[in-house]
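The exercises below ask you to read two metal sites from the structure and to work through each one in steps. Please have the sequence and the model open while you follow the solutions.

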Amino acid sequence: MQVKVVIGTIAFMLTMIVLGYSALREPTRLEEFTGAAHGRSVERGAELFVNNCASCHGIDGRAQSGEGSGCLDSATGEPNCVGLPLHNYYLLCGDPPERLTQTGWTGTTENFVKKTIAAGRGAIMPAWSNEFGGPMRPDQVQNVTNYVLNWQGETLCANPPVETEWAANVEDLRASMAPGDAANGETLFSAQGCVGCHGALDGSIPAGVGPSLANITVDGAARVAGQSADQYVYESILYPNAFIVPECPTGACSDPSLMRGDYAFVLTQQNMVDLLAYLLGQ
Ligand code: HEC
Ligand code: HEC
């Protein structure tokens with residue numbers, strides 16, 4: 001009798017210990033499960049991205065036109081990223097990211113990305129979700145959103161890009177640089193994605209997103225009172241939102257600008273002088 005009670009008590013205590021232990025483990029298991037599910041969602045999102053988005057945003061989401069970028073113009077076969085960069089500090093990092101402030105978005109980064117993917121925006125970015133007449137189910141939109149947000153990793157967000165100290169006046173910049181190399185400017189015009197949105201200066205590739213720059217020497221001088229074409233083009237490249245051109249190939253130009261907003265960080269000062277030499281013939 002005595003022995004049975006002792007065994008019973010010990011058995012009861014052991015059971016409690018085991019139960020208590022697994023109760024403590026439960027949150028970890030839940031986390032592991034959620035982590036694995038999130039990983040699968042990102043993987044599925046990656047596949048959706050390569051098949052549906054890379055043609056405009058680049059295979060790595062950086063929208064950097066060029067060999068291996070993954071975006072090709074269907075007519076010319078030239079690398080041509082007309083989408084905005086997504087694997088990008090301004091869209092994904094900061095609290096809130098610069099891009100959200102610029103567009104007046106007050107929600108979360110996730111909702112900004114998801115909403116744009118689901119509903120599309122402007123004349124070029126298609127709507128993807130079934131809810132807006134697109135080809136994807138809401139769970140697929142979530143997967144591709146998770147894939148884009150997955151770029152928020154430490155390497156991107158721990159390294160804010162450093163902006164060059166740009167002279168206010170283009171003449172001051174030019175005075176401190178070697179003379180502009182128009183041939184290199186033409187190479188940059190392709191490699192930096194300008195041609196994808198603005199078309200070629202000789203008209204061999206039509207302008208699609210931004211205005212043609214074939215006449216920019218004349219147009220540029222007439223845009224902003226008191227600004228030479230030279231100064232205007234310089235500022236247009238550095239600060240696309242400072243002045244919004246009225247007419248784009250698809251109608252009125254969007255505000256904020258559809259032009260990439262990171263050239264002040266991407267271009268070197270000599271790149272700028274070379275681009276200006278190509279565009280304005282100086
Ligand atoms: C036909 C070209 C094209 C395709 C294909 C495309 N996009 Fe876009 N995307 C754009 C353009 C152009 C914009 C800028 C739209 C605007 O601001 O009006 C954009 C904007 C975005 C933005 C907002 C970026 C910002 O900084 O505001 C996100 C996010 C995005 N696209 C994700 C995707 C995803 C994900 C896919 C694939 C499911 C995709 N896009 C497919 C052209 C495209
Ligand atoms: C993603 C598309 C896109 C890319 C890439 C792009 N632009 Fe633009 N650009 C635009 C749009 C749209 C406008 C008109 C809206 C505005 O005023 O910002 C514009 C405006 C301009 C203007 C003013 C044009 C005028 O008629 O007044 C200049 C100059 C310009 N871009 C130069 C460049 C150069 C140089 C590059 C490459 C280094 C470049 N852009 C890359 C879309 C783009």
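**Polar contacts of ligand 1**

In the side chain of His57, an N or O atom lies 2.8 Å from a nitrogen atom of ligand 1, a polar contact being a pair of N or O atoms within 3.5 Å; within protein, one must be able to donate a hydrogen and the other to accept it, and residues adjacent in sequence count only if both atoms are side-chain atoms. This is a predicted model, in which local features need pLDDT of at least 70 and side-chain atom pairs count only at pLDDT 80 or more, while totals for chains, interfaces and linings use all residues. Residues are numbered from 1 along each chain as its sequence is written, chains are lettered from A and ligands numbered from 1 in the order in which they are written, and side-chain values use heavy atoms, with hydrogens and water left out.

**Exercise 1.** Find which arginine side chains have an N or O atom 2.8 Å or 2.6 Å from an oxygen atom of ligand 1.

*Solution.* The 2.8 Å distance belongs to Arg99. The 2.6 Å distance belongs to Arg121, which is also among the residues that come nearest to ligand 1.

**Exercise 2.** Describe the coordination of the iron atom of ligand 1.

*Solution.* Begin with the protein donors (N, O and S atoms within 2.8 Å of the metal, or 3.2 Å for Na, K and Ca): they are NE2 of His57 and SD of Met125, at 2.0 to 2.1 Å. Next, take the angles among the 6 donor atoms, which run from 87 to 179° and give an octahedral site; six donors count as octahedral if opposite donors are over 155 degrees apart and all others between 65 and 115. Then place the pair in the chain: His57 belongs to helix H2 and Met125 to the loop between helices H5 and H6, so parts 68 residues apart in sequence are tied together (helices are DSSP runs of at least four residues and strands of at least two, numbered from the N terminus).

**Exercise 3.** Is His198, a ligand of the iron atom of ligand 2, buried or exposed?

*Solution.* The iron atom of ligand 2 is coordinated by His198 (NE2) and Met259 (SD), at 2.0 to 2.2 Å. His198 has 13% relative accessibility and is therefore buried (under 20% relative accessible area, with exposed over 50% and partly exposed in between, for a 1.4 Å probe and protein chains only). Met259, at 25%, is partly exposed.

How values were computed:
Four donors count as tetrahedral if all angles lie between 85 and 135 degrees; four count as square planar and six as octahedral if opposite donors are over 155 degrees apart and all others between 65 and 115; anything else is irregular. A residue is near a molecule or strand if one of its heavy atoms lies within 4 Å of it.
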